[in-house]
Amino acid sequence: MEEKKIRRIAVLTSGGDAPGMNAVIRSVVRTACANGIEVLGINHGYSGLINNDFRKLTARSVDGLLQRGGTMLYTARCQEMMTEEGQQRAANNCMYLGIDGLVCIGGDGTYRGALALARLGVPCIGVPGTIDNDIGCTEYTIGFDTATNTAIQCIDKLRDTMQSHERISVVEIMGRRAGHLALNVGCAVGAAAILVPEHEGNFENDVIEKIRQGRINRRNHHIVIVAEGYPMSTQEVADRVQEQTGMDTRVTILGHIQRGGAPSARDRILATRMGNHAVLTLLAGKDKRIVAVQHGEIIDLDIEEALAMKKPLNEELYQAEQSISI
Ligand code: F6P
């Protein structure tokens, strides 16, 4: 059978935004243009696809995008795309607009949308863009490095004031149900304790005893990191810490500040490589893939297989942290 020529593709961002999404869009658009392919930018994620909200993108319309946080295409969590009716409307619009391939940048919800469209005949390629780094098939998701650095900068500032007041700072880090971001941030700020959903552990040993030991070793302030997916709320953690240690304790929820800012070098470079790979994957005639990084190489995998993969916490880092936070 003769392979269908790709004349026009579309790109969208969906789910929570992540620094570096714009860099992926730029790379997709420029790679397509270099191969004589037209590009439509779909606004507001899948909701834009369902409602025909799009604009034409050219090599020049993505100038100055590499260093910008957020997503120029806007993003949304689209309930309608979870229904068969919404999926069919999105697929019909793709046919109507002559879209020969769709690049979907986001996390696992985004890939489920892409899989549904692929099953309805729209070739789709997913690109991992989420600060959570919780996608099983890839070592890295765009935005993780920038979010880690943003959180580190904030906590370094917190440490100054905690040290002056001899307090404990309990800081909540995003990550949905996973502790990857919290673990990395906790390691990089030298936290006394890191609470992640993957290790519900023993609160007394993992937190209180660590702080007591630290005080014996003349540490006058402490940082406790709590992943947002940890089963105990951050306020509860702080209340227990204050009660059991007698030290003045403050809560900081970094929240959406972690999703903003100019992407780091790592995010810009991987975004460029992944966006380029996504378009080349469509050009190679593949239709249901996710771009991933494994052992530093950019590869692509079947979406269904990729969705079934779990991402374990970096146990080596977790155990190292457990032993050195004294
Ligand atoms: O998936 C990215 C993320 O920032 C998670 O870490 C967090 O749980 C969620 O999105 C927050 O979503 P929203 O922006 O809808 O509040």
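A search of the whole structure, which is a predicted model, finds 18 salt bridges. Side chains of opposite charge can pair when their charged atoms come close. Three of these pairs are set out below, followed by a network, the ligand site and several buried residues.

**Salt bridges**

| Acidic residue | Basic residue | Closest N to O distance |
|---|---|---|
| Asp 63 | Arg 30 | 2.6 Å |
| Glu 80 | Arg 89 | 3.3 Å |
| Glu 204 | Arg 212 | 3.4 Å |

Take the pair of Asp 63 and Arg 30, whose closest N and O atoms are 2.6 Å apart. Asp 63 sits in the loop that runs between strand S3 (54-57) and helix H3 (84-96), while Arg 30 belongs to helix H1 (residues 21-34), so this salt bridge ties together parts that are 33 residues apart in sequence. Asp 63 is partly exposed, its relative accessible area being 38%. Arg 30 is partly exposed as well, with a value of 25%.

In the pair of Glu 80 and Arg 89, the closest N and O atoms are 3.3 Å apart. Glu 80 has a relative accessibility of 33% and counts as partly exposed. Its partner Arg 89 is also partly exposed, at 37%.

The side chains of Glu 204 and Arg 212 meet at 3.4 Å, N to O. Glu 204 is partly exposed, with 30% relative accessibility, and Arg 212 is partly exposed, with 33%. Elsewhere, salt bridges that share partners connect Asp 108, Arg 112, Asp 132, Asp 134 and Arg 176 in one network.

**The ligand and its surroundings**

Which residues are around the ligand? They are Arg 77, Thr 130, Ile 131, Asp 132, Met 174, Gly 175, Arg 176, Glu 228, His 256 and Arg 259. Two residues of the salt-bridge network, Asp 132 and Arg 176, are therefore also found around the ligand.

Polar atoms of several of these residues lie within a few ångströms of ligand oxygen atoms. From the side chain of Arg 77, a polar atom lies 2.9 Å from an oxygen atom of the ligand. In Arg 176 it is a polar backbone atom that lies 3.5 Å from a ligand oxygen. For Glu 228, an N or O atom of the side chain is 2.4 Å from an oxygen atom of the ligand. On its own the ligand has 400 Å² of accessible area, and the protein covers 74% of this.

**Thr 130**

Thr 130, one of the residues around the ligand, is found in the loop between strand S5 (124-128) and helix H5 (144-165). Is Thr 130 buried or exposed? With a relative accessible area of 10%, Thr 130 is buried, because the limit for that class is under 20%. A polar atom of the Thr 130 side chain lies 3.0 Å from the backbone nitrogen of Asp 132. Setting aside residues up to four places away in sequence, Thr 130 touches Ala 18, Gly 107, Ile 135, Thr 141, Ile 142 and Phe 144.

**Other buried residues**

Leu 270 lies in helix H9 (residues 265-283). Its relative accessibility is 8%, which counts as buried. Apart from neighbours within four places in sequence, Leu 270 is in contact with Tyr 140, Ile 142, Val 293 and Ile 298. Ile 142 is thus touched by Leu 270 and by Thr 130. The C-alpha atoms of Leu 270 and Ala 90 are separated by 29 Å, and these two residues are 180 residues apart along the chain.

Thr 31 is part of helix H1, the helix that holds Arg 30. Thr 31 is buried, with a relative accessible area of 8%. Leaving aside neighbours within four places in sequence, the contacts of Thr 31 are Asn 276, Val 279 and Leu 280.

Met 247 has its place in the loop between helix H8 (234-245) and strand S9 (249-253). The relative accessible area of Met 247 is 6%, and the residue is buried. Not counting residues up to four places away in sequence, Met 247 touches Glu 166, Arg 167, Ile 168, Ile 211, Arg 215, Asn 220, His 221, His 222 and Gln 242. One of these, Ile 211, is 36 residues from Met 247 along the chain, and their C-alpha atoms are separated by 9.8 Å.

Notes:
Residues numbered from 1 in each chain as written. Predicted model: local features only at pLDDT ≥ 70, side-chain atom pairs only at ≥ 80, totals over all residues. Heavy atoms only, no water. Helix = DSSP H or I, 4+ residues; strand = E, 2+ residues; numbered from the N terminus. Buried < 20%, exposed > 50% of the residue type's maximum accessible area, 1.4 Å probe, protein only. Polar contact = N/O pair within 3.5 Å; in protein donor to acceptor, adjacent residues only side chain to side chain. Contact = heavy atoms within 4.5 Å. Salt bridge = Lys/Arg side-chain N within 4 Å of Asp/Glu carboxyl O. Near = heavy atom within 4 Å. Areas by Shrake-Rupley, 256 points an atom, 1.4 Å probe, with all protein chains shown as cover.
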